[in-house]
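Here are a few short exercises to help you find your way around. Have a go at each task before you read its solution.

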Amino acid sequence: MQSVPTGLVPPRSSSSGRLPFALHTSILIALLAASSAPTPLYPHYQAEWRLSSLDITVVFSAYALALLIALLTTGTLSDHVGRRPVLLGALTVQAASMALFATAGGLTTLIGARVLQGIATGAATSAAGAALLDLEDPARPGRPALANSVAPVTGMAAGVLAATLMVRFGPAPTITVYAALIAVFAVQAIALVSTSETVRRRPGALRSTRSHLALPPAAARSLLINGAGVVAVWALGGFYSSLGPGFTRLVSPGGPAYGGGMVFFTLTAVAAPTVYLTRRMRADVCALLGSCAVIPAAVLTLGALHLAGPVLLFAGAALAGFGFGAVSQGALRAVVDSVPAREKGGTLASYHVLSYLAMSLPAIGAGALAAGFGLRAAALTHAGCVAVLATVAVAALTATLRSRRRTPSPDAHSRPATSNCTSASPDTPAPDISVLVTHDR
């Protein structure tokens with residue numbers, strides 16, 4: 001008889017687990033779709049309320065920082081109170097944030113909506129990702145980890161595309177976009193009530209919300225090697241998500257108003273398949289390839305600025321998407337696989353602190369530069385810094401690879417299979433690159 005780990009309900013059959021698996025995957029997709037939906041609407045908000053580039057980056061960063069706090073404080077909450085209560089509460093808060101967006105009348109309301117959205121997304125992605133892991137099907141091993149990796153990036157692409165289409169073809173896009181998402185979250189909440197809980201409640205819920213960071217020496221070394229690349233790709237993603245529409249207008253003033261959102265869509269649409277296609281590649285090689293792609297992406301961005309070429313801009317966004325997917329995939333594998341299971345939670349927290357700070361703080365800096373010196377100067381500075389960081393990452397990863405080739409360890413056969421430089425098993429997808437799911441069962 002199959003044993004059941006402590007805290008988990010007995011495993012269900014493949015047929016009974018298929019619908020809950022699809023539901024929790026759809027929740028991840030919808031949450032991240034909502035996170036990217038405001039991007040094509042930023043030009044509308046700027047024009048209607050006379051917002052500066054700094055204002056827009058503050059709105060964007062409020063979401064990222066709130067998400068980070070939620071991840072650190074609620075990452076293991078669902079292990080104690082159950083997946084459903086956390087998800088139902090988060091979906092309710094998420095729907096409330098959509099209502100705030102739909103009725104927003106100024107900057108303060110936008111920031112408040114983004115903060116609520118960040119809190120809800122951080123809590124729900126942790127619980128939904130954990131539920132997917134609970135629903136592991138022995139006949140399809142590794143599927144939950146792959147869904148955790150691909151679904152959020154797919155959601156971001158779907159959200160910005162849907163919002164862009166509504167801006168172009170739909171009535172009152174600043175209302176209909178959010179009304180549609182409220183309907184999606186309501187349907188998901190109703191469906192969630194009818195699903196079975198995947199974990200048994202256990203004490204320690206309040207204690208689990210006390211966030212802490214832990215970075216063992218092996219993980220610290222891996223993060224030091226990969227850190228420049230991680231900061232580069234997340235900073236680039238933050239720039240495209242917050243200032244991408246304004247930058248698109250700067251490059252192509254005569255282009256359609258809805259074209260601004262398509263730049264960020266291009267990045268996320270390339271990042272999603274990159275995560276899937278590189279899941280079996282060696283972690284360090286994957287991160288190196290992604291870092292290499294970031295350098296020409298920054299060059300193309302600068303070229304688009306000087307040559308007023310939208311083709312160069314979208315080509316740079318596509319390369320940035322490949323770099324984002326590959327670096328996030330490889331770096332997280334390298335960092336997390338270097339530590340034992342009992343230390344993965346704190347290590348993941350440390351990794352995501354770096355990622356979300358890299359996404360939000362440089363975006364605020366770019367917004368401040370744009371407010372003081374213009375968007376062109378901000379884009380030049382931002383792209384230049386990203387290129388320098390990517391170059392540092394390439395140098396660090398290349399030196400590490402060369403060092404490992406020159407000095408093979410005599411006891412390599414005794415090393416754990418989870419070394420940060422080993423290739424992934426053909427049957428083992430990469431771990432989640434986008435949500436903080438910490439299990440201390």
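**Exercise 1: a threonine in a loop**

Thr278 is buried, with a relative accessible area of 5%. Keep in mind that you're looking at a predicted model.

Task: work out where Thr278 sits and which residue its side chain joins in a polar contact.

Solution. Start with the place: Thr278 belongs to the loop between helix H12 (259-277) and H13. Next, look at the company it keeps: beyond neighbours within four places in sequence, Thr278 is in contact with Cys286, Gln329 and Arg333. Now pick out the polar partner: the side chains of Thr278 and Gln329 are joined by a polar contact of 3.4 Å. Finally, the label: Thr278 counts as buried because 5% is under the 20% cut-off.

**Exercise 2: a glycine in a helix**

Task: decide whether Gly290 is buried or exposed, and find what it is in contact with.

Solution. First, locate Gly290 in helix H13, which covers residues 283-307. Then check the cover: Gly290 has a relative accessible area of 0%, so it is buried. Leaving out neighbours within four places in sequence, the contacts of Gly290 are Phe322, Gly323, Ala326 and Val327. One more pair to try: Gly290 and Val394 are 104 residues apart in sequence, yet 9.1 Å apart in space, C-alpha to C-alpha.

**Exercise 3: a patch on the surface**

Task: find which residues form a nonpolar patch with Leu65.

Solution. Begin in helix H3 (residues 53-74), where Leu65 lies. Leu65 is partly exposed, at 30% relative accessible area. Its patch partners on the surface are Leu357 and Leu361, and together the three have about 220 Å² of accessible area.

Notes
Residues are numbered from 1 along each chain as its sequence is written. This is a predicted model: local features need pLDDT of at least 70, side-chain atom pairs count only at pLDDT 80 or more; totals for chains, interfaces and linings use all residues. Side-chain values use heavy atoms; hydrogens and water are left out. Helices (H or I, at least four residues) and strands (E, at least two) are DSSP runs, numbered from the N terminus. Buried means under 20% relative accessible area, exposed over 50%, partly exposed in between (1.4 Å probe, protein chains only). Contact means heavy atoms within 4.5 Å. Patches are made of residues with over 30% relative accessible area and no salt bridge: like charges are joined within 9 Å, nonpolar side chains (Val, Leu, Ile, Met, Phe, Trp, Tyr) within 5 Å. Accessible areas come from the Shrake-Rupley method with a 1.4 Å probe; for residues, only the protein chains shown count as cover. A salt bridge is a side-chain nitrogen of Lys or Arg within 4 Å of a carboxyl oxygen of Asp or Glu. A polar contact is a pair of N or O atoms within 3.5 Å; within protein, one must be able to donate a hydrogen and the other to accept it, and residues adjacent in sequence count only if both atoms are side-chain atoms.
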